[in-house]
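Colleague: Please take one part of this model and walk me through it closely, in connected prose. I would like each term to come with its cut-offs.

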Amino acid sequence: MRPFFSFFLLFSFCFSMGFAQERDATWFREAKFGVFVHYLGGGPEWNAQVERFDVKTFTDQIVQTKAGYVMFTLGQNSGYYCSPNATYEKLAGYEPGQRCAPRDLPMEIADALAKHDIRLILYLPSRSPQQDAQAMKTLGDVNEQLPAPQGFTKNWSAVIQEWSLRYGNKVAGWWFDGAYNTEGWDDYSQPANWRTWAAACRVGNPQSLLAFNRGANRDVAFIKQCEEQDYTAGEQNTFEATPLTNPAPTPLQWQLLAHLGTMWARADGPQQNDGYMIDYIRRVNELGGVVTLDVNVSPQGTIHEAHWKQLQAIGAALRP
């Protein structure tokens with residue numbers, strides 16, 4: 001199939017050019033903190049929702065927080081994405097616009113943020129959308145708790161490659177959720193593995209930073225799962241007591257991700273007061289880490305008021 005053919009040509013090129021070289025995460029560490037946005041949805045109103053997103057309002061609010069980067073979801077388990085992808089539609093068996101929005105929202109956000117030297121990192125699940133039975137079948141995947149089949153990894157890499165080529169250097173990294181069972185990628189004797197996947201991410205930008213998430217358990221949130229990982233997934237459900245040590249193995253960049261509300265993307269909270277959060281992030285920064293703050297954003301692109309106010313207080317204190 002043509003997507004596989006083009007992918008393996010590009011993979012071979014990347015690998016022969018020293019693809020596994022170390023990436024520079026200095027910019028990430030110096031950012032101190034960033035914002036995470038779960039922009040999700042689905043159904044017949046999805047495309048209309050994506051069209052209503054106000055990039056200018058969103059960007060203006062992010063600029064006022066002084067955040068150094070934004071992590072933004074392309075899509076998740078519903079199988080709906082906020083950007084076109086012809087490879088996904090072909091492999092999953094959907095017509096254009098059925099699952100991938102015609103509007104390229106990440107491209108517009110990346111361009112708007114770049115004017116203010118704010119970088120964009122994209123979010124995807126590690127597996128096919130678990131709530132879409134058709135996509136699961138046609139992409140060749142199984143339950144995310146089981147090892148990833150070879151065919152699925154090839155297909156998913158081809159899908160990622162299309163986005164990577166389109167965005168190029170406009171995307172500074174990727175954060176992959178749900179990498180629960182790594183057996184499907186750990187065997188480098190098989191043609192599809194961690195390197196295959198990472199090559200797809202970096203074909204557009206060789207310096208893209210990658211993280212693979214296994215969950216909020218502290219024992220797995222800060223580990224290096226493979227040689228292609230550059231920073232810790234860092235998922236946590238609370239901003240716990242002030243950290244005393246850097247939990248990331250050298251040379252992995254330490255990153256901690258948690259939600260300001262009481263749950264991911266929830267419009268309540270924040271969990272802690274401004275002073276607590278400023279002190280918490282400052283101490284993580286002093287230990288060489290960076291903190292990513294999940295916030296609620298409306299379908300129209302407006303940050304929840306209480307979250308936005310706290311982000312502004314954090315930015316004023318940490319990046320005056």
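Modeller: I use contact, or touching, for heavy atoms within 4.5 Å, and I name helices (H or I, at least four residues) and strands (E, at least two) as DSSP runs numbered from the N terminus. The model is predicted, which is the reason that local features need pLDDT of at least 70 and side-chain atom pairs count only at pLDDT 80 or more, while totals for chains, interfaces and linings use all residues. Residues are numbered from 1 along each chain as its sequence is written, and side-chain values use heavy atoms, with hydrogens and water left out.

The part I have chosen is the sheet and what packs on it. It is an open sheet of 7 strands in the order E5-E4-E3-E2-E1-E7-E6, with parallel pairing, where two strands pair if DSSP finds at least two bridges between them. At its edges stand E5 and E6, each of which pairs on one side only. Neighbouring strands of this sheet are turned by 20° against each other on average, with direction ignored; the axes behind such angles are lines fitted to C-alpha atoms, for helices over the stretch in contact, and the angles run from 0 to 180 degrees between N-to-C directions. Within the sheet, strand E2 (residues 69-73) runs parallel to E3 and is joined to E3 by 5 bridges, with Met71 standing opposite Ile121 of E3.

Two helices can be placed against these strands. Helix H12 (residues 274-286) packs on the sheet by touching strand E1 (33-37), E6 and strand E7 (290-295), and the direction of H12 makes about 145° with that of E7. H10 lies across E4 and E5 and runs at about 135° to E5. H10 is mostly covered, since 8 of its 9 residues are buried (buried means under 20% relative accessible area, exposed over 50% and partly exposed in between, with a 1.4 Å probe and protein chains only). Among the buried residues of H10 are Trp194, Trp197, Cys201 and Arg202. The N-terminal end of H10 is capped by Asn193, whose side-chain oxygen lies 2.9 Å from the backbone nitrogen of Arg195; a polar contact of this kind is a pair of N or O atoms within 3.5 Å, where, within protein, one must be able to donate a hydrogen and the other to accept it, and residues adjacent in sequence count only if both atoms are side-chain atoms.

From H10 (194-202) a loop leads to strand E5 (209-212), and Ser208 is placed in that loop. Ser208 is buried because its relative accessible area is 1%. Leaving aside residues up to four places away in sequence, Ser208 touches Arg23, Val171, Ala172, Gly173, Trp174, Cys201, Arg202 and Asp230.

Next come the ion pairs around the strands, where a salt bridge is a side-chain nitrogen of Lys or Arg within 4 Å of a carboxyl oxygen of Asp or Glu. The structure holds 14 salt bridges. One of them pairs Lys170 with Asp111, the closest N and O atoms being 2.9 Å apart; this pair links distant parts of the chain, 59 residues apart, with Lys170 in the loop between helix H8 (150-167) and strand E4 (171-177) and Asp111 in helix H6 (residues 105-114). Lys170 counts as partly exposed because its relative accessibility is 39%, and Asp111 is partly exposed with a relative accessible area of 32%. A salt bridge also forms between Asp141 and Arg127, at 2.8 Å between the closest N and O atoms. Asp141 lies in the loop between helix H7 (133-139) and H8, and Arg127 in the loop between strand E3 (119-125) and H7, so the pair ties together parts that are 14 residues apart in sequence. Both Asp141 and Arg127 are buried. In helix H13 (residues 305-318), Glu305 and Lys309 are 4 residues apart, about one turn of the helix, and their side chains meet in a salt bridge at 3.9 Å, N to O. Arg23, Arg202, Glu228 and Asp230 are joined into one network by salt bridges that share partners.

Towards the E6 edge, Asn246 sits in the loop between helix H11 (218-221) and strand E6 (255-259) and is partly exposed, at 33% relative accessible area. The side chain of Asn246 reaches the backbone nitrogen of Ala248 at 2.9 Å, and a polar atom of that side chain lies 3.1 Å from the backbone oxygen of Leu287. The C-alpha atoms of Asn246 and Val284 are 7.8 Å apart, although 38 residues separate them along the chain.
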